[in-house]
Amino acid sequence: MSYAPLSVPKDTSVAFTDSASWRLVVGAGGRHTWKYLHTEEERANWPQTALDKFWLGLPTNLPELPQADSPLAAAQNGYTFYKHLQAHDGHWPGEYGGPMFLLPGLVIGSYVSGMGFTTEERLEMIRYLFNRAHPDDGGWGIHVEGPSTMFGTAMNYAALRILGVDKDHPVCVRARGIMHELGGATASPAWAKFWLAILNVYEWEGMNPIPPELWLLPDALPFHPHRWWIHTRTVYVPMSYLYGVKFQHPENDLILSLREELYAENYYKIYWPAQRNNVCKRDLYAPHSLLYDSINPILSSYEQCTFPPLRRAANDRAYKLIVLEDENTGYQTLGPVSKMMNLVARFHREGTDSDAYKLHMEKRYDFMWLGAEGMMMCGTNGSQLWDIGFITQAIVESGLADAEENKESLLEALDWLDKAQMTEHPLHYETSYRHGTKGAWGFSTKEQGYTVSDCAAEGMKAVLYLQDLSYAPKLVSEERLRDTVDLLLTMQNSNGGYASYEPIRGPSWLEWLNPAEVFGDIMIEYNYPECTTSVVTALSHFRNRYPHYRNREIQQTIKRAIGYLHATQRPEGVWLGSWGICFTYATQFALESLSLNGETYSNSARVRKACDYLVGKQRSDGGWGESWESCEQSRWIEHKETQHVQTCWAVMSLMYAQYPYADPIDQGVRLVMARQLPDGSWPQEAIEGIFNKTCAIAYPNFKFSFPIWMLGKAHHYLHELKERARV
Ligand code: LAN
C-alpha cells in the first residue's frame, strides 16, 4: 500500500494544520487521544479549553495573578494556573515525548501492516520531525536534545518518506547528507536495522540473529529471557517472532527508492553479513561483549539451516506470548516499542480482518500526542499516575489543601487515584511471566496494567495524604492499601534495594548479552535509589496510619532499604539518578529516605557530605543546572542554563536533610519565584528525565509539581529556621 500524495510545506514557519481545530479527548481511565474537528459547527459546539491550548502551545490567555509576596503565595499561584490543566476526570494529562526512535516504529509498523493515518495526523507527524531535525546538520538524535545519530536519522528519514515527504524536499536532502556522511544506514544500530529489515530496505542477513528458540528453553536456565528486564524481554518477544518468520514488506516504488536513498553505496552490492556489527561510532554506548560477539557466528550458522519444526514451534511460542501480552494490556502492551512490533506480528499471523488487528490499530492512538512542535509517539501511554502522585502530595505538604479553592480539584484527584488502582493480578499471570499487580498503581493507567514499584508507592502515598484531609472520603479502603503493602513486600531485592517492575530475576553477567548498542544496563532489573525511596517512604506512611499491619516486616524492609542507600552513596556524597537528571534527582530521593531514618545534617556525616556537595554546585544565580549527559557519563556535567526543576530537587534535598543554613535554600527559592510567569505558570526548560543511560525523556508536568511542592515546603521551612535562630 502507499499513502495518498500530500502537499508538504517547505518549512515549519507556516501552519501545517489548523491548531484551533484540535481537541484532547480524555477517555476512560485517563486515556489521551487527539481529535481534529473539521467544521465550524463542531468547533463552536466543542470549544477549545485552556488544557488543549496549553499543550498545543497556544496562548491560554489565563489572567495575570497578584504578585506573590511569599513562597507559599507563589505556590498557590502555580496551582491556580495548574488547576486549569486538570482534566474533567481529575488527572493532569501531559506530553511524554523526548525519545526520537519511537515515531518511526509507529510509522513503519503501521505502513507495513496496511494501517493509515488521517491527513492531519500525517502532516503533524511531519511537522514534528521537521521541527526536531537537528539545527546543525539536519539529522535526528536518539532523543530531542542529543546530537544526530544513525539510529535517529535513518529511521526518521524512512518515516518522513513513508508519511509522504518527497526525497527532494530540503529536509530530506539535508538529512540524507548527514546520514551518508555518518556511513549510511548499514551503520545503523540493531533496533534500526530491525525496523529497516521489516520495511524491506535492509536485509535480514545483515542482522545479528534474534532466535525465537530461546523461548523453548527451560525456564530454570539462568539466561532464559523471562529473567531479563521486562522492557527488553517484552521487545524481544515480537522481535524474535518477526525475525523468525523473516517478515518483509513487499517491494514497491518507495521501497526501491529508499534502498537508494538510505545508503552511501549501491544497495545490491552490499555484503550484508559484514554489516551485522557495523554501528556508527556516534551511536555506540554499550559495545558488544566478547561473549556476545562469540555467540553470534554460531547462531548465524544455525540460521542457515534452521530445523523447520523447531522454528515453527519457537515462532508459535513467541506468538502465544504476544497474544497474552496484548490481552493483558488492552492491546497497548508494556511500551511503545513492543506495541508496534506486536501489532505487526498480529497482522502477519491473523491478517487485517481479525479483532486483534482492529484493536491494535485503535490503540496506536494512546501513544500519539500532539504538542507544540507537532505529533509525536510517547514513551508510554502517558504519565498519568506519576504526575498526579507528585502534585497531590505537593498540595497537601504545603498546606494548600485546606484552602477552599483547592478542595474540589483534590477530591477529583482522589477519585481518579481510587479508580486507577489495580485490584486483580494480570489476566494471564504466571503464564506470561508476570509479577503480581493486585494492589498496584502503574506509571500511566490501570488498563496498561503493569506494577512499577515506585508508582505503586507514590500512588499509595498520594491516597494516604489525600485521605488524611478532613473533607476527603476514604475511597480506598484499608484492605486495598494492605494489598499495596503486600505487593511491595514481594519486590525487595536481597541487598535491600528496589528495582523498577519486578525483583531482579537474572544474574548480572546477562548484561554481556546486551545487543542494543545504544542503551546501557538493560538486560536485567537493577536497584534504584529512586524506586527504593518511594517504597520505603510509602511503607512508612502506611505504618504510621495502620500500625497493626505487618509492622515488623515493614520495619525490616525499611532497615534493609536504608542499608542499600548507604551502600550506593557515591564517594563525592550524592546518588546517581537513573530516571531523572541526575544527581539532584536521585539525591532528593535518597535524602528523603535517610531523614525518615533519623539521619539529618546535624547527626550524619553522610548527609552533610551530600548537602555540602550540592551546595558546592549552586550557581551564583541561586539555582542548579545539570545536563542529561550527567546520566550518560555518570559524572556531574553542568548544563549551560540553570534549571528551575533541578533547583527544586536540590532545595528539597537540603530540606529533607534539615539543612541548618537558610541562605542556599532562600536563594533557590528566589530563583524559582523569579522564573514564575505572571499567570502563575513556569516556562518549559531543558528535558527532565532519562532512561537506559542515554535517552532523555520529557516530564513537562514537573515544571509545575516540583516548584509548587518546593515553594510550599520551603515557606514553612524558612520560617522554622528563622524561629529557631530567634530562640
Ligand atoms: C519509564 C517511565 C517511568 C519510570 C519511573 C517510574 C520514573 C522509574 O522510577 C521506574 C522506571 C519507569 C517506569 C520507566 C522505565 C522505562 C520506560 C518505560 C520509561 C523511561 C518510559 C519509557 C521507557 C521505555 C523503556 C521506552 C521504550 C524503550 C525501550 C528501550 C523498550
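**Exercise 1. Work out how far apart the ends of residues 383-714 lie and what secondary structure the span holds.**

Start with the ends: in this predicted model, the end C-alpha atoms of residues 383-714 are 26 Å apart. Next, the secondary structure: the span is 50% helix and 5% strand. Finally, look up the label: an unreviewed UniProt entry annotates residues 383-714 as "domain: Squalene cyclase C-terminal".

**Exercise 2. Do the same job for residues 84-356.**

The end C-alpha atoms sit 37 Å apart here. On content, the chain over residues 84-356 comes out at 50% helix and 0% strand. The UniProt record (unreviewed entry) gives this stretch the feature "domain: Squalene cyclase N-terminal".

**Exercise 3. Describe the surroundings of the ligand.**

Step one, count the shell with a 4 Å heavy-atom cut-off: 23 residues surround the ligand, and the closest are Tyr96, His231, Phe443, Asp454 and Trp579. Taken alone, the ligand exposes 620 Å², and the protein buries 99% of that.

Step two, sort the shell by character: 17 residues are nonpolar, five are polar and one is charged.

Step three, ask which helices contribute. Helix H9 (230-244) and helix H17 (453-468) each supply at least two shell residues.

Step four, check for a polar contact, using the 3.5 Å limit for N or O pairs. Asp454 has a polar side-chain atom 2.3 Å from an oxygen atom of the ligand.

Step five, place the ligand in the protein: the space it takes is the largest cavity.

**Exercise 4. Find a cis peptide bond and a positive phi in the backbone, and say where they sit.**

Keep the usual case in mind: most residues other than glycine have a negative phi, and most peptide bonds are trans.

First, omega: the bond joining Ile581 and Cys582 is cis, with omega about -25°. Cys582 belongs to the loop between helix H20 (551-568) and helix H21 (583-596).

Then, phi: Tyr331 isn't a glycine, yet its phi is positive, near 70°. You'll find Tyr331 in the loop between helix H12 (308-328) and helix H13 (336-350).

Terms used. Residues are numbered from 1 along each chain as its sequence is written. This is a predicted model: local features need pLDDT of at least 70, side-chain atom pairs count only at pLDDT 80 or more; totals for chains, interfaces and linings use all residues. Side-chain values use heavy atoms; hydrogens and water are left out. A polar contact is a pair of N or O atoms within 3.5 Å; within protein, one must be able to donate a hydrogen and the other to accept it, and residues adjacent in sequence count only if both atoms are side-chain atoms. Accessible areas come from the Shrake-Rupley method with a 1.4 Å probe; for residues, only the protein chains shown count as cover. On a 1 Å grid over the protein atoms alone, a cavity is a set of points where a 1.4 Å probe fits but cannot get out, and a pocket is an open set with protein on both sides within 12 Å along at least five of seven lines; lining residues have an atom within 4 Å of a point. A molecule sits in a cavity or pocket if more than half of its atoms lie within 2 Å of its grid points. Helices (H or I, at least four residues) and strands (E, at least two) are DSSP runs, numbered from the N terminus. Ala, Val, Leu, Ile, Met, Phe, Trp, Tyr, Cys and Pro count as nonpolar, Asp, Glu, Lys and Arg as charged, and the others, Gly among them, as polar. UniProt positions are given in the numbering used here, feature names are shortened, and annotations may be inferred rather than shown by experiment.
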